[in-house]
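Open the model in your viewer and keep the selection tool at hand. The tour goes one stop at a time.

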Number of protein chains: 2
Amino acid sequence: MNDLSQEQQVAFQAACRQAGLRLTPQRIEIFRELARAKDHPSAETLHRRLVERMPSLSLDTVYRTLGTLASHGLIMRVDTIESQARYEVAQLLHHHLICRSCKEIFDFQWQSVDNAALPDAVKSWGRVERKNVVAYGICNKCLKK
Amino acid sequence: MNDLSQEQQVAFQAACRQAGLRLTPQRIEIFRELARAKDHPSAETLHRRLVERMPSLSLDTVYRTLGTLASHGLIMRVDTIESQARYEVAQLLHHHLICRSCKEIFDFQWQSVDNAALPDAVKSWGRVERKNVVAYGICNKCLKK
DNA sequence: CTAGCTGCAAAAGATTTGCATGTCC
DNA sequence: GGACATGCAAATCTTTTGCAGCTAG
C-alpha cells in the first residue's frame with residue numbers, strides 16, 4: 001500500500017549501475033510503479049498509470065524499459081496464455097494461480113516444490129535456472145457469479 | 001514417428017461431436033498435424049506444414065480452429081514468454097522445460113508434483129483445475145555452442 | 001563530450017473480424 | 001435447409017524499429 005521501500009529503490013539503482021544501465025527518471029518511475037503494483041500489469045496498463053504523473057512518458061519507452069529490465073533480470077515477464085505480456089518485479093520465489101475467467105493472477109509460495117529436485121530425466125537436458133508452477137482454475141470471485 | 005493413432009483420431013472425432021463441433025477436413029488435418037508434431041508448433045508453423053497437403057487451407061482457419069479446439073479443451077495453448085502462441089494436444093499430465101536460448105520446449109513428467117497437494121493458502125482462492133511446472137534454463141545443445 | 005535514452009511516427013508481426021460463399025448434419 | 005465453417009481481405013492490437021534530439025555520467 002505504501003510507496004516503494006527505500007531499500008528496494010536503492011537496490012534497483014545499484015543493480016542498474018552494475019548492469020551498465022543509465023538511471024533515467026523514466027526507468028525509476030516505471031520500476032517504482034511496477035514494484036508498487038500487485039496485479040502483474042502489462043506495458044499498456046503501466047503506461048496508463050504513469051502518464052498521470054509523467055505526462056510526457058511514451059508507451060514505447062515503457063515497452064523498451066520493461067524489455068531492458070527483464071533482460072537484465074531486474075523484473076520478470078510472466079507467462080500467461082494472453083496476448084499481452086505481463087510483468088512483475090523479481091522477488092521471492094513464488095508461483096502463479098491464474099483464473100481462466102477473469103485472468104487475474106494470484107501469487108503463492110510453495111516451498112516443497114522450490115526445494116524439490118527435478119526428475120532425473122531433466123538432468124541430461126541442460127542447466128535449469130528456475131522453475132515455476134502455474135496453476136489454472138477459477139477464483140472464488142468468479143465462481144460466485 | 002508414425003501417423004496419428006486410430007484411437008486418438010476416433011477420440012478426437014467423438015470429442016468434437018460431443019462439443020457440438022463439426023468435423024471438417026480442415027479440423028481433422030489440423031488436429032492430426034498437431035498430434036503428430038513433437039515441437040509445440042505455432043499457428044503459423046502448422047499452417048506452413050499443412051498447406052503442402054492442403055493448398056487451399058488458409059492461415060485464418062488455422063488460427064480459428066486452434067482457438068476453437070483450445071476453448072473446448074481438445075488442445076492446449078502453451079504458456080511461454082514469446083509473442084507467438086504455441087499449441088499441443090492435451091495428453092498425459094506433463095511439464096515444460098524451455099531453453100531461453102533456442103526457445104525449444106521439452107516435455108517431462110514429474111509425478112511427485114502432480115500428486116502433491118497445493119499449499120493451504122491456495123484453498124481459499126477457488127477451484128484449481130490443473131497445475132504445470134515451467135522450468136527455464138539452457139539446453140545442452142545451446143550450452144555447447 | 002558522447003554513448004545511451006527518449007519521443008515520435010511509422011513498420012512489423014500476430015491475431016481477429018466482416019462478409020460472401022461453401023458444406024456438414 | 002440452415003447453422004456452422006471457410007477463405008479472403010481488411011482491420012485491430014501489441015510490440016518493434018529508425019531516426020533526430022536530449023541527457024546522464
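What follows is a walk from one chain to the chain contact and then to the DNA.

**Before you start**

This is a predicted model: local features need pLDDT of at least 70, side-chain atom pairs count only at pLDDT 80 or more, and totals for chains, interfaces and linings use all residues. Residues are numbered from 1 along each chain as its sequence is written, chains are lettered from A and ligands numbered from 1 in the order in which they are written, and side-chain values use heavy atoms, with hydrogens and water left out.

**Stop 1: chain A**

Select chain A and colour by secondary structure. Seven helices and five strands make up chain A. Helices (H or I, at least four residues) and strands (E, at least two) are DSSP runs, numbered from the N terminus. Trace the chain along its sequence: the pattern reads α-α-α-α-β-β-β-β-α-α-β-α. Along the principal axes, the C-alpha atoms of chain A fill a box of roughly 50 × 45 × 30 Å.

Next, show the side chains of A:Arg53 and A:Glu33. They meet in a salt bridge at 2.0 Å, N to O. The term covers a side-chain nitrogen of Lys or Arg within 4 Å of a carboxyl oxygen of Asp or Glu. A:Arg53 sits in the loop between α3 (43-50) and α4 of chain A, and A:Glu33 in helix α2 (residues 25-36) of chain A, so the pair ties together parts that are 20 residues apart in sequence. Over all chains, a search of the whole structure finds 18 salt bridges.

**Stop 2: where the chains meet**

Now add chain B. Select the residues in contact (heavy atoms within 4.5 Å). Chain B contributes 37 residues and chain A 37 residues. Between them the chains bury about 3400 Å², 60% of it on carbon and sulfur atoms. Buried area here is the accessible area (1.4 Å probe) that two parts lose on being put together, summed over both.

How many salt bridges cross the interface of chain B and chain A? The rule finds two. Pick A:Arg100 and B:Glu129: their side chains form a salt bridge at 2.8 Å, N to O.

The interface also has 18 residue pairs in polar contact, both residues at pLDDT 80 or more. A polar contact is a pair of N or O atoms within 3.5 Å; within protein, one must be able to donate a hydrogen and the other to accept it, and residues adjacent in sequence count only if both atoms are side-chain atoms.

Colour the chain B side by element. β3 (95-99), β4 (105-108), β5 (126-139) and α7 (140-144) of chain B each give two or more residues to the side that touches chain A. β5(B) gives the most, with 14 residues. By class, that side of chain B divides into 22 nonpolar, seven polar and eight charged residues. Ala, Val, Leu, Ile, Met, Phe, Trp, Tyr, Cys and Pro count as nonpolar, Asp, Glu, Lys and Arg as charged, and the others, Gly among them, as polar.

Stay on the strands. β5 (residues 126-139) of chain A and β5(B) run antiparallel, joined by 13 bridges. Two strands pair if DSSP finds at least two bridges between them. Centre on A:Ala135: B:Lys131 in β5(B) stands opposite.

**Stop 3: DNA strand C**

Select DNA strand C and the residues near it (a heavy atom within 4 Å). There are 23, and the closest are A:Thr24, A:Gln26, A:Asp60, A:Thr61 and B:Tyr63. Of the strand C atoms within 4 Å of the protein, 66% belong to sugar and phosphate. α4(A) supplies the largest share of this surface, four residues.

Zoom in on three places:

- A:Asp60: a side-chain N or O atom is 2.4 Å from a base nitrogen of strand C.
- A:Arg64: a side-chain N or O atom is 3.0 Å from a base oxygen of strand C.
- B:Ala85: a polar backbone atom is 2.9 Å from a phosphate oxygen of strand C.

**Stop 4: DNA strand D**

Switch to DNA strand D. Which residues come nearest? Of the 21 around this strand, they are A:Tyr63, A:Ala85, B:Thr24, B:Asp60 and B:Thr61. α4(B) gives the most to this surface, with four residues. The surface near strand D has five nonpolar, eight polar and eight charged residues.

Finish with these:

- B:Asp60: a side-chain N or O atom is 2.3 Å from a base nitrogen of strand D.
- B:Gln26: a side-chain N or O atom is 2.9 Å from a sugar or linking oxygen of strand D.
- B:Ser56: a polar backbone atom is 3.2 Å from a phosphate oxygen of strand D.
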